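Hello,

Here is the structure for your review, with notes on what turned up. Please open it alongside this message.

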Amino acid sequence: MSYYKIADLEQYFKHYKKSVREPRKFWSKIAEENFIWYQAWDKVFEFDMGKGDIKWFLNGKLNITKNCIDRHLSKRGDKTAIIFEPNNPSEEPQHISYNELYTRVSKTANVLKSLGVKKGDRVCIYLPMIPELAVTMLACARIGAIHSVIFAGFSDAAIRSRVEDCGAKVIVTSDGGFRGEKTIKTKEVVDKAIEGLSVVEKVLVVKRTNEPVAFNDKIDVWFDELYEAAEASNIAEIMDSEDPLFILYTSGSTGKPKGMVHTTAGYMIQTAYTFQNVFNYKEGDIFWCTADLGWVTGHSYILYGALLNGATTVIFEGIPTYPNPSRYWDIIDKYQVTHFYTAPTAIRSLMTNDYSYVTSHDLSSLRVLGSVGEPINEEAWHWFNDFVGKKRCPIVDTWWQTETGSIMISPLACITPTKPTYATLPIPGIQTVLMDDKNNEIQGNQVTGSLCVKFPWPSIARTIWGDHDRFVKTYFSDFPGTYFTGDNALRDEVGYYRITGRADDVVIVSGHNLGTAPIEDAINQHPAVAESAVVGFPHDIKGNALYAFISLKVEGSTRDRDNLKKEINQLIADHYGPIGKLDKIQFVDDLPKTRSGKILRRVLRSISLNQLDNFGDTSTMINPEVVATIIENRL
């Protein structure tokens, strides 16, 4: 029996039981039968959950790009690997075959090597959604460099902190980028980010907008010039299973962003496996995930998962409303897309437009719809099902995280009966449990608790770059012996899971996990601000938005409040990124605090949700009188 493809619900349950009872045999068979190895592994896995020490396919030797590209060349060389749809629909799209992708990746790998990049070096990539972004990621993997993609909407301060943290030797960026009607000055942002930063040796600049940019001959190099001169073949570096593949930064509830480290073999195997089974992939399908490659969804399902299965994947540079709100439907119609994987935020945004934008297009090619980034609300689920899927396409509501590397809980398309707002059942190999506040596993169904995983899986992150103690404390200390997801969940009468919210101070806004701590840090840099607390509240389009409670210094209390709000949001944009801007700002005399000075964010969260009946235990609050005033003036 092959475990790689699941044919029906009965087989799902058989595979799931096998993955729990005999995980070594289950994963070993998948790894052996479906991938190319230079050398087989000595041991399938070993782990110590208490120490966050997890290894898979020990001493196996491979290169992920051999599996993404080279092995497809004999049978699929002329098949389109990547369709690039530019921001401007009048610009010519690109259809990049597997043969051409091999050449592009090889040449780019040789460009990086010519700049002195070698196995183990870190390369930060700050590029718009253009083919060079995907190619550079693969080129890094080809030569054993560790790529760290930074979402091209982040500020210079966000870039700097990531570059410093991982010690990037090279940054790859562009002269600019296009997003709707805007031209983004990516090179300018990078220049500001690395000012005075000695760790960066070279900035490799891709031409996209062809607008003039500042150019420092000591550090800046044009990609195009080196690419033209580069050899068109490259021998892939032999990597160990546990060699790092990439670092991807995700927001934390406290402190600086966490550089999650994913290694080569386990990540490869599970992203390929989940792509195949969650989406019911078939040869000839056209897969479109609308995420940015700067997020883990883009890493796993635009790029690696798709190419590992020899699929055709769409990379879209633009936004859903440019030049008009029919852009997504134009693309689906144009390329006969079969799989459309997007975020609830995008769905809710598109719902606000006239339905004729959707109904005027031929969407009959669609076979599977997917939702990612946050739990999808019921109204959006039904709209997606009725108007986009025409009630004939299953919706896979996928739950997973940057830290997990691949989808953990989801319906399997055309196999698992779906239920609006429920992620349904765990993927084979994922041993989910609900825990109570006394560290006991909650048995049975129709229960709620903290969502944990009690056995490691191949694509789990291995550490936080440079801070393993933080890794252990964040994920393995709250519920010893398990991985704590940070989410609360409900398990219904048949065992389906529904994610009910974050247990910490990370707010999911438009599918992006935003840590409140760095946003508060940005707010507190304003000279008029004494302190702040940021919480989330429900938003019709974004899913959640940000609500800040801000107390002012005496000298700031007489400032014009409207201008102050604008200045605070500008600070956030500058220091964190525009995605962290606040929808609501309430100025308060003081924030509710414990006697030790800790801000009671759960009280503020309840106020933002208009849940005023029960604030829980407030016995430690030192200033209960401020709560009434905050409630009276709430927005």
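Helix 2 meets helix 10 through a short list of side chains. Phe-26, Trp-27, Ile-30 and Ala-31 come from helix 2, and Ile-269, Gln-270 and Tyr-273 come from helix 10. By class, this contact has six nonpolar residues, one polar and no charged. Helix 2 covers residues 23-34 and helix 10 covers residues 264-278. Their axes are 11 Å apart, and the packing angle is about 85°. An angle of 65 to 115 degrees counts as roughly perpendicular, so helix 2 is roughly perpendicular to helix 10. Keep in mind throughout that this is a predicted model.

A second helix pair is helix 5 (residues 98-114) with helix 6 (residues 131-143). Here the axes come within 8 Å and cross at roughly 65°. Helix 5 and helix 6 are therefore also described as roughly perpendicular to each other. Their crossing is right-handed. On the helix 5 side, the contact uses Leu-101, Tyr-102, Arg-104, Val-105, Thr-108, Ala-109, Leu-112 and Lys-113. On the helix 6 side are Pro-131, Val-135, Thr-136, Leu-138, Ala-139, Cys-140, Arg-142 and Ile-143. The residues of this contact split into eleven nonpolar, two polar and three charged.

Next, the aromatics. The search of the whole structure returned 54 aromatic pairs. One of them joins Phe-47 and Phe-455, edge-to-face, at 5.1 Å centre to centre with 75° between the planes. Phe-47 sits in strand 1 (residues 43-48). Phe-455 sits in the loop between strand 22 (447-453) and strand 23 (463-464). The pair therefore ties together parts that are 408 residues apart in sequence. Phe-47 is partly exposed, at a relative accessible area of 35%. Phe-455 is buried, at 16%.

Trp-383 and Phe-387 also form an aromatic pair, and this one is stacked. The ring centres are 5.9 Å apart, with 25° between the planes. Both residues belong to helix 15 (residues 378-388). They are four residues apart, about one turn of the helix. Trp-383 is buried, with 4% relative accessibility. Phe-387 is partly exposed, with a relative accessible area of 25%.

Now for burial. How many of the eight residues of helix 17 are buried? Seven are, so helix 17 (residues 516-523) is largely enclosed by the rest of the structure. The buried residues are Thr-516, Ala-517, Pro-518, Ile-519, Glu-520, Ala-522 and Ile-523. Their cover includes four strands and two helices. The strands are strand 26 (506-509), strand 27 (512-515), strand 28 (529-539) and strand 29 (543-552). The helices are helix 18 (561-575) and helix 19 (601-608).

Two individual buried residues are also on the list. Cys-166 is part of helix 7 (residues 156-166). Its relative accessibility is 1%, which counts as buried. Leaving out residues up to four places away in sequence, Cys-166 touches Arg-122, Cys-124, Ile-247, Tyr-249 and Trp-465. The C-alpha atoms of Cys-166 and Ser-148 are 8.4 Å apart, with these positions 18 residues apart along the chain.

Thr-186 is found in helix 8 (residues 186-193). Thr-186 counts as buried, at 1% relative accessibility. With residues up to four places away in sequence again left out, Thr-186 touches Tyr-126, Thr-173, Ser-174, Asp-175, Gly-176 and Gly-177.

Last, the backbone. Most residues other than glycine have a negative phi, and most peptide bonds are trans. Three places here depart from that pattern.

- The peptide bond from Tyr-322 to Pro-323 is cis, with omega near 0°. Pro-323 lies in the loop between strand 17 (312-316) and helix 12 (327-335).
- Lys-390 is not a glycine, yet has a positive phi of about 50°. Lys-390 is in the loop between helix 15 and strand 20 (395-397). At 36% relative accessibility, Lys-390 is partly exposed.
- Asn-439 has a positive phi too, near 65°. The loop between strand 21 (432-435) and strand 22 holds Asn-439. Asn-439 is partly exposed, at 30% relative accessibility.

Best regards

How values were computed: Residues numbered from 1 in each chain as written. Predicted model: local features only at pLDDT ≥ 70, side-chain atom pairs only at ≥ 80, totals over all residues. Heavy atoms only, no water. Axes fitted to C-alpha atoms, helices over the stretch in contact; angles between N-to-C directions. Parallel < 35°, antiparallel > 145°, perpendicular 65-115°, else oblique. Left-handed = near helix turned anticlockwise from the far one by under 90°. Contact = heavy atoms within 4.5 Å. Nonpolar A, V, L, I, M, F, W, Y, C, P; charged D, E, K, R; others polar. Phe/Tyr/Trp six-rings, centres within 6.5 Å; stacked < 30°, edge-to-face > 60°. Buried < 20%, exposed > 50% of the residue type's maximum accessible area, 1.4 Å probe, protein only.
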